[in-house]
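Let's take a walk through this structure, one piece at a time. Have the 3D view open and follow along.

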Amino acid sequence: MAYGKKETEKKQEHHEHHGHTEEHFKEKHLMLDPLPRGVMNDMVMEAVTEKPSWKWWATVIFMGATVAYCLVYSWYVLIAEGVGVAGVNRPSYWGIFLVNTVFWIGISHAGTFISAILRVFRAEFRRPFTRVAELMTTFGLVQAGFSIFMHMGRVWLAYWLMPYPNQRMLWPNFHSPLSWDLLAITTYLLSSTMYLFLPLIPDLAMARDKTTGWRKNFYRILALGFRGTEGEWTHLRNAMNIFAFAIIPVMFSVHTIVSWDFAAAMRPGWNSTIFGPYFVIGALHSGMGAAVVVLAAVRKFIKNMDYFIRAEHFDAIGKLMLIISMGWAYFFFNDYMVQWYGGDKWTKQLLHFHEAGPLGWMWFLMLIVNIAIPWAILWNPKWRSTPWLVSIVGILINVGMWLERYIIIPISLTINRMPFTWRQYTPGIEIPLGIGTLVLFILLYVIFAKLIPMIPVWEVQEGQMAHQLKKFGRETVVQVSELE
Amino acid sequence: MAESKSKKSPGVLAVFGDLDPTANAIEQLRKLGVSDDCMYVVSGVPVTEAMLGRPPQHSNVPRVAMGGAILGFSAASFLAFIAPYWYPYPIQVSTQAFVPWPPTFVILFELTMLGMLLSTFLAVFLDSFFPNYRPMQYVPEVSDGKYAVIVDCAHVEESKIKDLLKKLGAESIKPAEAQQL
């Protein structure tokens with residue numbers, strides 16, 4: 001009898017424990033905590049259609065004014081006065097405009113990494129935030145495009161880059177990495193915008209069904225008449241698979257080609273065979289850092305997003321950030337070691353200038369925020385699951401990666417093989433223009449959050465359908481079925 | 001195919017709450033004599049043909065993508081190999097060949113990928129008849145996770161189809177009239 005009672009208690013305890021485990025899994029994993037689709041739709045659409053508060057309007061007006069002054073007016077001044085108002089001059093002909101170009105292209109890599117690479121590898125945690133990341137790619141590339149046009153100065157002559165029969169019968173030079181840039185960035189911008197739009201179509205159709213008035217018309221036009229027939233889903237699935245696989249090499253090619261703008265020149269510090277992968281890993285480093293900041297902001301400032309974006313997502317991105325930080329450190333050291341060992345007089349001079357020159361603090365700060373801080377914080381699962389902490393790390397990584405590009409471009413251009421030309425670069429109008437691109441990037445997010453569903457609800461539901469808890473012996477584990 | 005027939009008669013639209021009864025309904029409809037061409041499913045989440053027990057959907061997307069890649073490659077080949085010789089003032093860069101392979105590879109790669117991705121995007125529009133703003137057979141409940149089975153079959157009595165669908169757990173059954181989305 002006593003034995004029987006004990007057994008019953010044990011069983012009860014076990015059931016309680018099992019129930020507790022299930023609750024724990026549900027609380028932790030979005031994929032195991034399904035809500036009816038209609039409820040999820042309502043949560044997402046409430047965030048989109050809710051009347052903006054005065055704080056939202058104040059933010060938009062402030063940012064709009066900043067963009068108007070820093071980007072529009074300053075660019076007008078740059079065009080009206082000429083590139084003399086910028087700080088670029090001999091020997092640093094490339095300044096912050098190109099630093100920002102490389103920086104924004106780097107940011108754009110996170111979208112493809114999260115959406116395409118994680119889709120290909122069936123990383124389930126990606127589902128709720130693929131759109132937030134894809135938007136980053138498109139918005140980042142817009143800023144990169146602006147920055148490179150600013151660098152051009154006479155932006156109205158940009159069409160000279162295009163291969164066309166010009167009046168002097170000269171053929172645009174495909175030998176130049178700058179013409180490869182044009183092709184690669186154009187390909188990437190178009191591809192990433194299409195890749196953003198395709199999975200958005202079903203959510204636009206959902207928004208069409210959930211709204212009235214001007215919004216209904218807006219979504220009706222954008223949803224293109226999507227209903228969700230078997231054929232439509234099949235075409236969409238095929239296209240998204242092709243995009244996911246094809247956009248990855250395009251992403252790698254873009255930043256590799258950007259690195260060749262530097263590496264193809266016989267300059268100290270630039271002429272490196274490892275610059276391609278070094279730039280790609282750097283792009284992923286800053287991109288993932290930016291992605292985690294945007295994700296934390298979306299979770300904090302947009303209604304109902306704490307259901308979709310949870311600690312598990314910060315934990316997963318935090319792990320990726322840690323691995324990428326290690327990869328960046330490896331490539332940095334590899335590049336540094338070979339340049340240092342080579343013993344070339346000018347390269348040694350340049351490396352000394354990086355570390356002990358007037359801007360040597362940038363070099364050390366870069367290493368601290370790109371390596372030391374991420375390693376010190378992201379190894380800990382609890383810390384990397386804390387949104388505010390991991391987003392501070394993300395911001396610091398971006399500061400570090402911006403400094404890295406500043407060191408590679410204007411600082412490295414200061415030292416060349418003609419010492420009589422050495423002169424430190426001091427930025428001019430580049431500063432407001434750079435601020436303008438940053439604010440425009442944030443403003444685009446703020447506006448788009450009120451226009452399109454930021455969460456791909458159908459992808460979340462698809463993931464939730466594929467997940468279940470299963471018992472193996474006494475252990476409850478997560479089981480994922482491959483539905484796609 | 002069912003969509004084109006719907007112009008003659010509205011057909012039947014049944015809404016199901018879950019995937020299993022939907023797949024079951026399709027199987028039973030087939031037994032009743034409704035062919036696969038006479039029905040289709042509308043859902044708010046992608047479900048494969050295998051899950052629904054439906055024949056595989058034909059998609060031109062991969063073929064069009066391949067065509068786009070070939071077109072992009074051809075355009076790049078033209079720009080890289082042919083166009084430079086048409087100009088009276090060729091630009092010689094250092095000791096590089098007039099049409100050197102490494103940069104040409106970059107041009108070939110980028111334009112091939114651009115051609116492929118643009119045509120993939122276009123193929124979705126062509127295959128799905130996007131954009132299409134005409135009235136169509138649809139129920140907004142689909143967005144909320146329901147499954148709609150639309151049947152338009154002239155040779156099987158509509159009342160039999162309705163009875164069967166009701167028996168199989170359809171939440172609602174109505175005429176599949178085209179409506180403005």
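## Two sides of a helix

In this predicted model, helix 13 of chain A has an exposed side with A:Lys345, A:His352, A:Glu355 and A:Ala356. Now turn to the other side of helix 13: A:Thr347, A:Leu350, A:Phe353 and A:His354 are buried. They sit on the same side of helix 13 of chain A because they cover an arc of only 120° around the axis. Here's a handy rule: an α-helix has 3.6 residues a turn, so residues three or four places apart point the same way.

What covers those buried residues? Helix 12 (311-342), helix 14 (360-378) and helix 16 (387-414) of chain A are among the elements that do. You can also check the length of helix 13 (residues 345-356): with 12 residues at 1.5 Å a residue, it should span 16 Å, and that agrees with its end C-alpha atoms, which are 16 Å apart.

## A covered strand

Over in chain B, strand 2 (residues 39-43) has 5 of its 5 residues buried. B:Met39, B:Val41 and B:Ser43 point one way, while B:Tyr40 and B:Val42 point the other way. That fits a general pattern: in a regular strand the side chains alternate between the two faces of the sheet.

Strand 2 of chain B runs antiparallel to strand 4 (residues 147-151) of chain B, and 5 bridges join them. One of the pairs to look for is B:Ser43 with its bridge partner B:Tyr147.

## Where the chains meet

The contact takes 55 residues from chain B and 50 residues from chain A. On the chain B side, helix 5 gives the most, with 17 residues. By class, that side of chain B has 40 nonpolar, 10 polar and 5 charged residues.

Terms used: Residues numbered from 1 in each chain as written. Chains lettered and ligands numbered in written order. Predicted model: local features only at pLDDT ≥ 70, side-chain atom pairs only at ≥ 80, totals over all residues. Buried ≥ 20, exposed ≤ 12 C-beta atoms within 10 Å, placed from the backbone. Helix = DSSP H or I, 4+ residues; strand = E, 2+ residues; numbered from the N terminus. Pairing = 2+ DSSP bridges. Expected span 1.5 Å × (residues − 1). Arc of directions from axis to C-beta. Contact = placed C-beta atoms within 7 Å. Nonpolar A, V, L, I, M, F, W, Y, C, P; charged D, E, K, R; others polar.
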